[in-house]
Each structure stands twice: as structure tokens, then as C-alpha cells.
Amino acid sequence: PWCGHCKSLQPTWSKAASALKGVVNLGAVDAATEGPQMRIAASYGVEGFPTVQIFGKDKQNPEKYNGQRDLQSLIQTALD
């Protein structure tokens, strides 16, 4: 069910999550599969995949991430 872009991001995302463990939480949701995850994604305006959003202090209004999707960029953005 994953598109090529999602498959490409997954290993980098996993490495970023491991590097940030205990400091910043990174999560992933398969919003292309029927079920509650699809409704959650829609409620946050997810229209394409993969969509990366940053949930800061206001968890109801995440910021869309449009930066580079390499390991260093993801880690640095999470720490900023």
C-alpha cells in the first residue's frame, strides 16, 4: 500500500527516530489504509503521502514540514 516516496523515507525516518529517542518523539501513521488512522490524517489536512508534520505546543495545529528529508535535516528540525 505504500508509494515509492513513503518507502524511500521509511529507513531515514526510523534512523531519525532512533537518534532522537528519549529527546523528541517521532511517529508514523499509515493513512492510506481504511480505519481510524484515515480519519485522523484527514482531520490534520493530510492529502498526499508522505506528509511530515511538526506537532509543537499546539497539538491541534501542526506545522507542515517542507524541508529536506535526509537524516541530518530531520534531526536538526526536530531539535530546533
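# Notebook: core, H1 and a few loops

I started with glutamine 60, which counts as exposed because its relative accessibility is 59%. Glutamine 60 sits in the loop between E1 and E2. I also checked how far glutamine 60 is from glutamine 10: the two are 50 residues apart along the chain, and their C-alpha atoms are separated by 25 Å. Note to self: this is a predicted model.

**Same loop, another residue**

I looked up glycine 56 next, also in the loop between E1 and strand E2 (63-64). Glycine 56 comes out as partly exposed, because its relative accessibility is 36%. From glycine 56 to alanine 78 I get 9.7 Å, C-alpha to C-alpha, with their positions 22 residues apart in sequence.

**The core**

Which residues make up the largest nonpolar core? I find eight: Leu9, Trp13, Ala16, Leu20, Val52, Tyr65, Leu74 and Ile75. Helix H1 (4-20) and helix H3 (71-79) each put in at least two of them. H1 gives the largest share of this core, with four residues.

I then took tryptophan 13 from that list. Setting aside neighbours within four places in sequence, tryptophan 13 is in contact with Leu26, Gly27, Ala28, Val52 and Leu74. Two of these contacts, Val52 and Leu74, are core members as well.

**Helix H1**

I wanted the buried side of H1, so I pulled its buried residues: Cys6, Leu9, Trp13, Ala16 and Leu20. The spacing fits a general rule: an α-helix has 3.6 residues a turn, so residues three or four places apart point the same way. The buried residues of H1 pack against H3.

Does the length of H1 agree or disagree with its residue count? It agrees: at 1.5 Å a residue, 17 residues should span 24 Å, and the end C-alpha atoms of H1 are 25 Å apart. Still, H1 is not straight in my notes, as it bends by about 35° at glutamine 10. A proline, proline 11, follows within four residues of that bend. Just after H1, I noted glycine 22 with a positive phi of about 85°.

Threonine 12 is in H1 too. Not counting residues up to four places away in sequence, threonine 12 touches Arg69, Asp70, Leu71 and Leu74. Leu74 is therefore a contact of both threonine 12 and tryptophan 13, going by the 4.5 Å cut-off. I also checked threonine 12 against valine 52: they are 40 residues apart along the chain, and their C-alpha atoms are separated by 13 Å.

**The two cysteines**

How many disulfides does the structure hold? Zero. Cysteine 3 is in no disulfide, and the nearest cysteine sulfur, that of cysteine 6, is 3.4 Å away. That 3.4 Å is too far for a bond, which is why I leave cysteine 6 unpaired with cysteine 3; the cut-off for a disulfide is 2.5 Å.

Buried or exposed, what is cysteine 6? Cysteine 6 is buried, because its relative accessible area is 17%, and the limit for buried is under 20%. Cysteine 3 is partly exposed, with a relative accessible area of 29%. Cysteine 3 is in the segment before H1.

**Proline 50**

From cysteine 3 I went on to proline 50. They are 47 residues apart in sequence and 8.3 Å apart in space, C-alpha to C-alpha. Proline 50 lies in the loop between helix H2 (36-43) and E1. The peptide bond joining phenylalanine 49 and proline 50 is cis, with omega about -10°.

**Glutamine 53**

Last entry: glutamine 53, which lies in strand E1 (residues 53-54). What lies 3.1 Å from a polar atom of the side chain of glutamine 53? I find the backbone oxygen of tyrosine 44 there. Leaving out neighbours within four places in sequence, the contacts of glutamine 53 are Tyr44, Val46, Pro62, Glu63, Lys64 and Tyr65. Tyr65 also turns up in the nonpolar core from my earlier entry.

Definitions and conventions. Residues are numbered from 1 along each chain as its sequence is written. This is a predicted model: local features need pLDDT of at least 70, side-chain atom pairs count only at pLDDT 80 or more; totals for chains, interfaces and linings use all residues. Side-chain values use heavy atoms; hydrogens and water are left out. A nonpolar core is a set of buried Ala, Val, Leu, Ile, Met, Phe, Trp, Tyr and Cys residues joined through side-chain atoms within 4.5 Å. Buried means under 20% relative accessible area, exposed over 50%, partly exposed in between (1.4 Å probe, protein chains only). Helices (H or I, at least four residues) and strands (E, at least two) are DSSP runs, numbered from the N terminus. The expected span of a helix is 1.5 Å times one less than its number of residues. The bend at a residue is the angle between axes fitted to the seven residues ending there and the seven starting there. A polar contact is a pair of N or O atoms within 3.5 Å; within protein, one must be able to donate a hydrogen and the other to accept it, and residues adjacent in sequence count only if both atoms are side-chain atoms.
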